[in-house]
Amino acid sequence: MLSRSSDTLWDIAAAEVCSRESWTDEEDAEEDAHFPTQRTVFFMGSKAGGKTTILLRFLDRDETAKPTLALEYTFGRRARGHNTPKDIAHLWELGGGISLSDLVQIPMTADNVSSLSVVLVLDLSKPNVLWETMERLLDSARSQVEKVCASHQKTGESRSGKQRVPRVLHKDYPDRELISPFPVPLLIVGSKIHLILLSFTSSKSEATMSKSRSFVNQLAFGTERPKSISTDPSKPLTIPAGFDSLSQIGPPVTSDVDIGTLHAKNPLDLWKKVFERVFPPENIKERKELKDPAKDPQYSEPLIDSIRAQKDQELEQYKRKQAKSWKSLALDP
């Protein structure tokens, strides 16, 4: 852009802003092709379900996976070609299963919702908590995305004035009236299948991990989506979004449950009711969810924990002392 010598710095800046606001979507796409992109991938799922392992494999890091403490961040970079700027993937991982689901608000913000993807990792070897884990985490993530999008619409922060949240299912999808599509790209990974299928060898496990890595790569860097599809229930499933339907899946096949007595609202609800009959969910009251990771035994640090206990005791003593002081002041005429 040419500028007159009499233009001030503010005049030039204002002209640049106006010029950028007038860009069309086509110009945006052309501009993005010459500049690095930034995407956000949020990993969540079953506690100790393998999220960190998948993340490390995606980043080509030969490290031993350690328990995730609350919420952790890392990033990956990938060049599109020789001597080109590297695209950046911001990678967040939520630990603790459903106990820390409130933390989804940290990685899901108005700044990244248009480039956000979610990876949900579910431990298949623990079916009694699988459905609740899936529902609780997806509900928390969906609620946060919808909250951010509502704020987007109200403030009009998007440069184009449009809400740039990708659509997952096309308008002609047969089950669109029966389900509520997740508002951002979602990858569901069933982990620890080797504990269920005895015939699942290490070579097959490696192949499955490679597929998972390819799907994560597509979310993080926009690479081509893997073309492999597998719908055989006796083998690991690989089903891209939109390539299945409730009619193709069919009703649950079970001899232990009379489906007619379940009074399901829709096909998905029917599957849930049958699943929970076969795999009764754990009693929430009996399962103690640790809201404070500092009290979780898996993060035990004897020296630090002893100092923390001492400080907690001192804090309680201080609180009691302050309470007595306020009480005496209140009684003093």
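Which residues have the most contacts inside the largest nonpolar core? Let me answer that straight away, with the reminder that what we are looking at is a predicted model. The largest nonpolar core has 27 residues, and those with the most contacts inside it are Phe 42, Met 44, Leu 94, Met 108, Leu 120 and Val 145. The elements that contribute two or more residues to this core are strands E1, E3 and E4 together with helix H4, which covers residues 127-155. Of these, H4 gives the most, with 9 residues. As a general background for those of you who are new to this, nonpolar side chains in soluble globular proteins tend to be buried together.

Let me stay for a moment with Met 44, and ask which residues it touches once its neighbours within four places in sequence are left aside. Met 44 is then in contact with Lys 51, with Leu 94, with the run Val 118, Val 119, Leu 120 and Val 121, and also with Leu 137, Leu 138 and Ala 141. There is also a second, separate core, which has 18 residues and includes Ile 54, Leu 55, Phe 215 and Leu 219.

Now to the sheet. If you follow the strands across the structure, you will find 5 of them forming an open sheet in the order E2-E3-E1-E4-E5, with mixed pairing. Strand E2, residues 71-79, and strand E5, residues 186-191, each have a single partner strand and stand at the edges, so one side of each is left without a neighbour in the sheet. On average, and ignoring direction, neighbouring strands of this sheet are turned by 20° against each other.

Strand E3, residues 86-94, is a good place to see what mixed pairing looks like in detail. With E2 it runs antiparallel, and 9 bridges join the two; among the bridge partners are Tyr 73 with Trp 92 in E3, and Gly 76 with Ala 89 in E3. With E1, on the other hand, E3 runs parallel, and here 6 bridges make the connection, one of them pairing Thr 40 with His 90 in E3. E3 is also mostly covered, since 7 of its 9 residues are buried.

Between E2 and E3 there is a hairpin with 6 residues between the strands, and in this hairpin Asn 83 takes a positive phi near 55°.

Finally, please look at helix H3, residues 51-58, which lies across strands E1, E2, E3, E4 and E5, and which runs at about 165° to E3.

Definitions and conventions: Residues are numbered from 1 along each chain as its sequence is written. This is a predicted model: local features need pLDDT of at least 70, side-chain atom pairs count only at pLDDT 80 or more; totals for chains, interfaces and linings use all residues. Side-chain values use heavy atoms; hydrogens and water are left out. Two strands pair if DSSP finds at least two bridges between them. Helices (H or I, at least four residues) and strands (E, at least two) are DSSP runs, numbered from the N terminus. Axes are lines fitted to C-alpha atoms, for helices over the stretch in contact, and angles run from 0 to 180 degrees between N-to-C directions. Contact means heavy atoms within 4.5 Å. Buried means under 20% relative accessible area, exposed over 50%, partly exposed in between (1.4 Å probe, protein chains only). A nonpolar core is a set of buried Ala, Val, Leu, Ile, Met, Phe, Trp, Tyr and Cys residues joined through side-chain atoms within 4.5 Å.
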